[in-house]
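Visitor: Could you take me through a close look at one part of this model? I would enjoy a connected account of how the pieces there meet.

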Amino acid sequence: MLINKPHQLEEFCAKLRAAGAPVGFDTEFMSERRYFARLCLVQVHAQTPEGDIEALIDPFSVELDPLMEILTDENIVKIVHSGGQDLQIFWIEYGKALRNVFDTQIAAAFLGYGHQVGYAELVRRAINGPQLSKKMQFTDWSARPLTQEQQEYALADVLHLPLLYNTLKNDLEKRGRFAWAQSEFRRAEEKACRVADDSELYRKFNLSGLNRRQLGNLRELAAAREILAREADKPPGFIVPELALLQAAKEAPKDVAAWRSIRGMPGMGETQSRVFITALERATQLSNEELPERNVSERPDPQTDNIAVLLGVVAQQRALTNDIARPYFAPRDQITALAAWWLKGDGSPLPDLPILSGWRRELLGNELLDLLNGRRAIALDITGESAIKVVEVKA
């Protein structure tokens, strides 16, 4: 069913609300050559004892307010697969945060399916579902009218979500891991509502070789580029490529002619060019105290790297043993932060890291602390199941 009239959407949403069942949804959008992704289609599917409730909703033809009331209702479970961008689109377009979301990709990561398992693979492995086509993965969803083949393909993306939800939720509960996955669902919900501060965007660049003054230049240039990109609804790299912006931060051109002469700088008008020159003028007025610290770009100390590698061996082993994807269990940045804390040796309190709290501390954190404090050691055992084990150090 393709919904492209307001009364159809109202009737459909009334039926969804009356059913009270978990609602699986997905979106199709176009983000190429744009700053803001354009929402092109919403697919919805719910299973009830009375039968399936499903529809494709055309946001070009109807306002989505009735659907948003469903999706933002915290009493209704929303099922997605790798739904970060879907949640973010609704936040950006409607200012609405979705709560009580169950992400099947995240759930699968806690059940041994690996990190970022694809929807088609999960359908096949978790519920023995059919082989799903990827034929229209790169179709133009903004084109109208939608063909029957497009509609069938889009609906298939949500058709199996309710069964995946029931299967994965039951498995998580049996293994005592539902609360673990829930904490990551909540984290994903919060992440979708975070908008990057323009003044922090420079941190995404390769900052090696830049001094503090050049970092200040880059911070102002990156913020200016972001504003222009939003106004033009173009990706920031279309305004000025990253390498050209980095070069401009190093050279700090004083006028439009010098700005345009930078290698790789695209052609742009006087007005846009002056926006960047003004940004550089602001940067020159920054005091030393106002400049970014260089450590934002420095690589970890080699000693920190070495210790983090050793701790990471144990983290990887525990992730494999417990069938949990390593990035959700013990991310590398947390392992590095723990190693850096230990190396300081200044008696400071333990860092506030997820691996040192809750279930992660029980499965791994305490063991890592014992390793750092010399109470345990890493040993090789060719006869063992993993060839790597952590043994107690006898006094």
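Guide: Happily! In this predicted model, helices α14 and α16 cross in a right-handed sense. Helix α14 spans residues 302-321 and helix α16 spans residues 332-344. The two pack at an angle of about 125 degrees, and their axes lie 8 Å apart. That angle makes α14 oblique to α16, because values over 145 would be needed for roughly antiparallel and 65 to 115 for roughly perpendicular.

Now for the residues that do the touching. On the α14 side they are Q303, T304, I307, A308, L311, G312 and A315. Facing them from α16 are I335, T336, L338, A339, A340, W342 and L343. By character, the residues of this contact comprise ten nonpolar and four polar, with no charged ones. If you have the structure open, G312 of α14 and W342 of α16 are both among the residues to pick out in this contact.

For a companion view, turn to the second largest pocket, which holds about 910 Å³ of space. It is lined by 25 residues, and the closest to its centre are Y35, Q88, I92, K204 and E226. Helices α3 (84-94) and α9 (212-232) each supply at least two residues of this lining. The largest share, six residues, comes from α3. Here the lining divides into 14 nonpolar, three polar and eight charged residues, whereas the contact of α14 with α16 has no charged residues.

Key
Residues are numbered from 1 along each chain as its sequence is written. This is a predicted model: local features need pLDDT of at least 70, side-chain atom pairs count only at pLDDT 80 or more; totals for chains, interfaces and linings use all residues. Side-chain values use heavy atoms; hydrogens and water are left out. Axes are lines fitted to C-alpha atoms, for helices over the stretch in contact, and angles run from 0 to 180 degrees between N-to-C directions. Helices (H or I, at least four residues) and strands (E, at least two) are DSSP runs, numbered from the N terminus. Angles under 35 degrees count as roughly parallel, over 145 as roughly antiparallel, 65 to 115 as roughly perpendicular and the rest as oblique. A crossing is left-handed if the near helix is turned anticlockwise from the far one by less than a right angle, and right-handed if clockwise. Contact means heavy atoms within 4.5 Å. Ala, Val, Leu, Ile, Met, Phe, Trp, Tyr, Cys and Pro count as nonpolar, Asp, Glu, Lys and Arg as charged, and the others, Gly among them, as polar. On a 1 Å grid over the protein atoms alone, a cavity is a set of points where a 1.4 Å probe fits but cannot get out, and a pocket is an open set with protein on both sides within 12 Å along at least five of seven lines; lining residues have an atom within 4 Å of a point. Grid points are joined across faces, edges and corners, and a volume is the space filled by probe spheres set on the points.
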